[in-house]
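Please open the model in your viewer and keep the selection panel at hand, as the tour moves from one selection to the next.

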Amino acid sequence: MANSREHEAWLQELEAASRVKQRTFMDGIAGKLKRPRVTEAPAHPYRGAPDFWREMEWDEEERVQRFTDNFKSVGGHVVRLAGMEEASRFIADKAQEMSAHYILRQQESELDALGLEAALPEAQVSVWNSDPDTDWKARAAEADFGVVLADYAVAYTGSITVLSAAGKGRTVSLLPTVLMAIIPVERLRTRLGEVLTGFDQAEREQLPAGIHFISGPSRSADIENDLTIGVHGPGIVYAILVG
Amino acid sequence: MSHASTATKPKTVKARADLALNDEFLRKAVKFTTERLRLGKKNASEEHGNWDDWRERGRQIRLHTIAHLDYYLNLFVDNARANGVHVHFADTADEAVKLSLAIAERKAAKSVVKSKSMVTEELHLNHALEGIGVEAVETDLGEYIIQLAGETPSHIIIPAIHKNRYQIAELLSKEAGETLEPDTQVLAGFVRKKLREKFLEADIGMTGCNFAIAETGSMVLFENEGNGRMVSTVPKTQITLMGMERIIPSFEDLEVMATLLPRSATGQKLTVYMSGITGPRREVDGDGPEEMHIIIVDNGRSLQLGDPEFQELLNCIRCGACLNACPVYRHIGGHAYGGTYSGPIGAVLTPALNKNVGEWDDIANASSLCGACYEACPVKIPLHDMLVYLRRRKVERGHGNRAEGMGMKGFAAVAGNSGRMARALKLGKLGQKLVARDGGIRLKIGPLKGWNSYRVTPELPKQSFRDTWKTLEGELRGGLQEMDEATRDRMARIVQERGQGGKGGGHHG
């Protein structure tokens with residue numbers, strides 16, 4: 001306890017020094033730009049994408065088609081299913097097919113409803129952050145499957161967006177060998193900007209610590225330009241479009 | 001290890017380039033990789049369409065942010081602090097290293113896992129960490145390979161471009177304590193397993209920063225492997241080093257950068273991972289760092305502010321497209337440039353950050369001034385103009401080639417006066433009779449030595465353009481009054497068609 005108090009004091013000392021330095025740093029910038037400090041928000045006439053781009057919007061069928069094409073072109077898998085029941089069956093079948101023993105899923109009511117625990121009696125299905133005494137990072141590291149519910153998806157870039165929260169771990173979409181991402185079709189947007197502008201509109205305090213766009217399996221071409229899949233993140237990624 | 005290799009590096013770009021040109025594999029690998037990336041960029045930008053409109057938008061956003069950098073950087077700092085981040089400032093590389101080491105010591109860290117960061121390369125931070133007994137592990141596959149080899153990156157996007165799979169297998173086998181097949185899957189599989197352990201046991205995760213969002217205090221990382229996410233999620237403490245110019249105003253502006261950066265770097269529509277990190281883990285979160293530091297680094301960047309010739313350097317988004325487009329880089333590779341940054345951007349940035357044009361005087365000459373770098377740049381930085389400014393500054397400060405300078409002055413004196421020019425040419429025509437054979441001069445002495453080592457200087461013509469000017473002028477004046485009837489009709493028809501709107505207007509893909 002004394003140790004952490006000492007650490008807090010040290011951090012406060014650093015912060016005091018940093019605040020003094022902040023002023024000289026900013027004054028230095030203004031001085032080099034040969035004008036007084038700018039303290040009011042300047043007009044920014046070129047904010048965001050060009051106007052013609054903002055008008056582009058695809059209908060649902062085209063969004064699904066483009067997302068599917070883009071996600072597959074980088075080595076991801078895409079299936080479209082009618083409902084959550086079918087999604088549950090799909091994940092259970094894949095788990096049996098690949099002999100997955102450890103399955104970790106986010107703590108969300110939609111995923112509770114999948115009933116994976118009942119569908120896979122032989123596997124160990126755990127629920128993120130459901131018990132304070134468990135080392136959840138270790139659970140994620142050993143998991144064969146990570147099952148998440150996407151917050152958004154983007155057709156133009158073929159991306160899945162996941163946001164962190166108490167029941168939604170960042171490691172669940174990162175450490176397991178296989179990532180299963182369920183995307184309710186109504187969450188699929190056309191452009192990246194549609195999702196990004198939402199973060200500007202939310203209050204800063206409302207933003208999650210981690211916002212992650214995932215566009216396919218982890219990859220590298222660092223050895224002789226030879227494409228390698230699954231370097232650090234999941235090497236197998238399923239996008240399960242539902243609805 | 002890395003220091004030993006730096007110490008034995010040849011002093012000039014030319015000597016380092018000679019080394020690179022001797023290495024057949026390196027030359028082929030650089031050519032192959034840059035060609036692949038360049039083609040990827042070309043296809044991706046064409047498929048996306050209206051590329052020049054997007055470039056212009058990217059340029060405007062960067063120009064606007066840098067012109068108001070004090071406002072946006074200050075806003076970012078205030079918001080990041082409100083998110084619970086400990087923000088620090090470093091004027092110099094030394095200060096940034098001291099701050100990083102102080103945090104590592106305070107945390108009693110045994111190991112640091114790092115994702116790719118060009119800023120930490122500027123600081124030689126790995127060496128400093130090892131100096132206080134902290135293991136620093138690069139986790140980007142390419143960076144890990146060159147760290148094992150004790151080398152520095154040779155390409156900003158593909159750092160181990162100069163190593164073949166046999167060399168890589170040898171390096172990794174030593175690390176594994178067993179012989180690994182020179183097979184990409186086997187080698188990458190070993191690295192995945194090895195670095196998994198490192199991620200899970202490390203005390204500190206260290207990242208760079210592609211963009212920092214002023215209005216929310218978030219930092220943004222683009223990457224393909226997932227190591228950036230690992231180092232910013234798994235260890236208890238995160239340290240991010242960012243150049244002071246990485247700022248953009250909003251997430252909305254990020255869409256433009258996310259459109260330009262991956263397409264320009266590798267031809268991807270988006271990197272596999274794009275992460276926006278806003279502060280340390282929330283109290284209720286089950287993972288993410290408990291403590292987060294951001295160190296804002298100047299290290300020569302602010303010297304470009306207010307300098308009309310070089311301020312736009314700060315617009316750079318570090319995509320590497322100028323390297324892939326540069327005919328010189330494609331021949332000599334990255335190590336020949338001798339600094340942290342290579343290619344056209346490195347040729348300008350290295351002397352600009354160091355403000356010592358003299359010491360780096362030959363780096364600005366490692367360019368043919370063809371302008372391919374400007375054409376490739378997603379934020380339209382006029383790199384070829386900057387290379388000329390650098391050469392001029394170098395000459396102004398007395399680092400030029402004296403014989404060349406005298407020759408240029410002499411040429412100006414002669415060519416500036418038509419009478420002198422005529423007399424000099426007459427003298428040349430007489431003089432060359434002694435040395436010209438078969439219409440060419442092959443003599444390799446005096447001022448002709450360098451040129452004639454590889455080529456033949458053509459002899460001065462018996463009748464020059466200047467000699468015939470009087471006749472030509474007369475012909476032009478008389479001849480232009482009468483136009484051939486068929487020509488006139490054709491031109492009239494073209495003008496008429498153009499008036500009707502016709503086809504072939506500006507086409508956008």
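Two strands are said to pair if DSSP finds at least two bridges between them. With that in mind, and remembering that this is a predicted model, begin by selecting strand E9 of chain A, residues 210-214, together with strand E9 of chain B, residues 273-277. These two strands pair in the antiparallel sense, over 5 bridges. To follow the pairing at the level of residues, pick Ile214(A), which stands opposite Tyr273(B) in E9(B).

Next, add strand E6 of chain B, residues 218-223, which also pairs with E9(B) in the antiparallel sense over 5 bridges. Here the residue to select is Glu223(B), whose bridge partner in E9(B) is Tyr273(B).

Now keep E9(B) alone in the selection and colour the strand by accessibility: 5 of its 5 residues are buried, where buried means under 20% relative accessible area. Which residues lie on each side of the strand? Tyr273(B), Ser275(B) and Ile277(B) are on one side, whereas Met274(B) and Gly276(B) are on the other, and both faces are covered.

Finally, turn to chain A and select residues 64-242, where UniProt, in an unreviewed entry, places the feature "domain: LUD". Over this range the chain is 27% helix and 28% strand, and the C-alpha atoms at the two ends are 11 Å apart. A separate division of chain A gives domain 1 as residues 1-42 and domain 2 as residues 51-242; if you mark the centres of these two domains, taken over C-alpha atoms, 39 Å separate them.

Note on methods. Residues numbered from 1 in each chain as written. Chains lettered and ligands numbered in written order. Predicted model: local features only at pLDDT ≥ 70, side-chain atom pairs only at ≥ 80, totals over all residues. Heavy atoms only, no water. Buried < 20%, exposed > 50% of the residue type's maximum accessible area, 1.4 Å probe, protein only. Helix = DSSP H or I, 4+ residues; strand = E, 2+ residues; numbered from the N terminus. UniProt positions renumbered as here; feature names shortened; annotations may be inferred. Domains from an automatic or database assignment.
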